[in-house]
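I wanted a set of notes to keep beside the model while reading through it. The entries below follow the order in which I looked things up.

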Amino acid sequence: YPRPCFSFRTLRKKWPQRIVIPVSMHKDAKFESVRLYLVERKMGSSRRAFLTQLARSKGFIVEDILSDVVTHIVSEDCQASSLWTWLEGHGVKTLPMMQVLDITWFTDSMKQGKPVAVEPRHLIQVEMFCHKYSTGSLPMLPDATTSTPVAKVSQYACQRRTTTANSNKIFTDAFEVLAESYEFNEMEGQSLAFRRAASVLRSLPSKIQSLRDAESLPFLGKHSIAVIEEILQCGFSMEVQKILSNERFKTLKLFMSVFGVGLKTAEKWYRKGLLSFTRGLFPTGFLHYGDISRAVSKAEAQALGNIIDETVHAITSDALLTLTGGFRRGKDFGHDVDFIVTTPEMGKEEHLLTAVIESLKHQGLILYCDYRASTFDMSRLPNHKFDAMDHFAKCFLILRLDGSRVEGGLCGAEGDGRGWRAVRVDLVSPPMKQYAFTLLGWTGSKQFERDLRRFAQKERHMLLDNHALYDKTKRELLAATTEQDIFAHLGLQYIEPCQRNA
Ligand code: DCT
Ligand code: MG
């Protein structure tokens, strides 16, 4: 957007500075859940006024003052540390929950005439990690020894923004091994504690440099602090190394890498004295083991999306296909590809799924199919069990993907001359009324979902699952057509899918 040719003086008459426009005055506001604040630093007052007017003319709410109501801060000053220090000087308590974005998000949104989804490239994140991540209240003054900002880290993943850029991988990998080891020993409490600690570290904008950085973080207990200390000192944790070389751990992990094999089966095989796979022993689970134990790339997921989209739309033109799971969160690789398939015609979604399976079979693309019919019953909501698996019709597939359909070819597998690979695909088919809940649930990550449910229950006295949101105080189900509706019911700021990699 060109710098305006009119002067700030003339604009000032129209848009006086420092005046908050109440909601009622945003007459033409189209996007109630998005409230912008444009940072004048670097932008200049006249350009800010011009961009403000432009955004308002397109139905955006633009606040003149940085206050708790702001959801999106847009800045042309991309120097994260000085910008954050400046922002913190305003003493706005909800700053850690706001999106701090560079101007490209704004220009993209203006071009499209609506707020575009926030991607990691839009975010202005702090470059250095500050040791004062604290559970205390904001604001805090910048530390004399560092100009980096101080932010509060929530104990709930649904109040943190976690992109795929994990600056603390060295620690989170160690925590995941410990969590898995506790899980294998059926010590669920300890396992969850390490998963929560890993999730907190994943949300941090930069790597932990000292113990002081970690000590005030939620869920970082004595054990995890000791592991961090060891890694900071030696580059690895002795305890984690021991687990990784433990025969039972290695064997259970290997067995559980087989599609459909859980802890109980793996343990049974291990107790029988099996230490590795024996040819011909487990025919079903080993179907295409080599292929499906290899990660699926984004391009492969995209190709599968195209195939399923063509299939679905050949059946009915009003079908809706949505990519969910890790790929919707912006991951480059996944262990499978997850889709929601539905139709606005109530009750037709189950038939749609069986028709899709039939068509894929016809095209010779199905290598394995485990179809589960719907057990969903609206009259039995809310389901107080709130178990992990939902009741919608779904199928767990292994599909054949031809390299010719994949942009740039198959991921490292063309060498064997087959020109195709097997890929795990999950399809779930909820009724349209439950679409938003299913989308939120299937987008994950698992830790993000766990914390959404924990937050709903503990903080809001509500029950959330893939089917519904139930308000226990009002004793009613809360309707939602979008994910934004669900966040709003929960009184949470909306978190973009790419920020749910908790
Ligand atoms: N999910 C769910 N109920 C289950 C299992 C999963 O609601 N019983 C949700 C949580 C994440 C999402 O579905 C997709 O699951 P996965 O494919 O296992 O996770 P992912 O994040 O997509 O990981 P990956 O990239 O490895 O596939
Ligand atoms: Mg997945």
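Which hand does the crossing of H5 and H6 have? I looked this up in what is a predicted model, and found that the crossing of H5 and H6 is left-handed. The two helices, H5 at residues 169-184 and H6 at residues 188-202, have axes that come within 8 Å and cross at roughly 165 degrees. With angles over 145 degrees counted as roughly antiparallel, that makes H5 roughly antiparallel to H6. I then listed the residues that make this contact: H5 gives Phe171, Thr172, Phe175, Glu176, Leu178, Ala179, Glu180, Tyr182 and Glu183, while H6 gives Glu188, Gln190, Ser191, Phe194, Arg195, Ala197, Ala198, Leu201 and Arg202. Sorted by class, the residues of the contact of H5 with H6 come to nine nonpolar, three polar and six charged.

My next entry is another helix pair. I noted that the axes of helix H2 (residues 45-57) and helix H4 (residues 103-112) come within 10 Å and cross at roughly 40 degrees, which makes H2 oblique to H4. The crossing of H2 and H4 is left-handed. From H2 I wrote down Leu51, Leu54 and Ala55, which meet Ile103, Phe106 and Met110 of H4. By class I counted six nonpolar residues in the contact of H2 with H4, with no polar and no charged ones.

I then turned to the record. Which residues does the UniProt annotation "binding site" cover? The unreviewed entry gives Asp336, Asp338 and Asp426 under that annotation, and I keep in mind that such annotations may be inferred rather than shown by experiment. These residues are spread over 91 residues of sequence, yet they cluster in space, with a largest C-alpha distance of 7.3 Å.

I took two of these aspartates in turn. Aspartate 336 sits in the loop between strand S7 (333-334) and strand S8 (337-342), and its relative accessible area of 7% means that aspartate 336 is buried. Leaving aside neighbours within four places in sequence, I found aspartate 336 in contact with Val296, Phe327, Arg424 and Asp426. Aspartate 426 is placed in strand S11 (residues 420-429), and at 6% relative accessibility aspartate 426 also counts as buried. With neighbours within four places in sequence again left aside, the contacts of aspartate 426 are Asp336, Val337, Asp338, Phe339, Cys395, Phe396, Leu397 and Trp442.

I also looked up serine 297, which is found in strand S5 (residues 296-297). Is serine 297 buried or exposed? Its relative accessible area is 9%, so I entered serine 297 as buried. Not counting residues up to four places away in sequence, serine 297 touches Phe327, Asp332, Phe333 and Cys411.

Trp442, which I had met as a contact of aspartate 426, is among the buried residues of H16, and this led me to that helix. Nine of the nine residues of helix H16 (residues 435-443) are buried, so H16 is largely enclosed by the rest of the structure. Just after H16, glycine 444 takes a positive phi of about 70 degrees. The peptide bond from glycine 444 to serine 445 is cis, with omega near -5 degrees, and serine 445 lies in the loop between H16 and helix H17 (446-460).

I checked the backbone further on, since most residues other than glycine have a negative phi, and most peptide bonds are trans. Histidine 461 has a phi near 55 degrees, a positive value in a residue other than glycine. Histidine 461 is in the loop between H17 and strand S12 (462-464), and at 42% relative accessibility it counts as partly exposed. Arginine 475 likewise has a positive phi, near 55 degrees, and lies in the loop between strand S13 (469-471) and strand S14 (476-477). At 69% relative accessibility, arginine 475 counts as exposed.

My last entry is on the whole protein, whose secondary structure comes to 18 helices and 14 strands. Buried residues make up 51% of the 502 residues in the protein. Of the contacts with a separation of 6 or more, 68% are between residues 24 or more positions apart.

Methods
Residues numbered from 1 in each chain as written. Chains lettered and ligands numbered in written order. Predicted model: local features only at pLDDT ≥ 70, side-chain atom pairs only at ≥ 80, totals over all residues. Heavy atoms only, no water. Axes fitted to C-alpha atoms, helices over the stretch in contact; angles between N-to-C directions. Helix = DSSP H or I, 4+ residues; strand = E, 2+ residues; numbered from the N terminus. Parallel < 35°, antiparallel > 145°, perpendicular 65-115°, else oblique. Left-handed = near helix turned anticlockwise from the far one by under 90°. Contact = heavy atoms within 4.5 Å. Nonpolar A, V, L, I, M, F, W, Y, C, P; charged D, E, K, R; others polar. Buried < 20%, exposed > 50% of the residue type's maximum accessible area, 1.4 Å probe, protein only.
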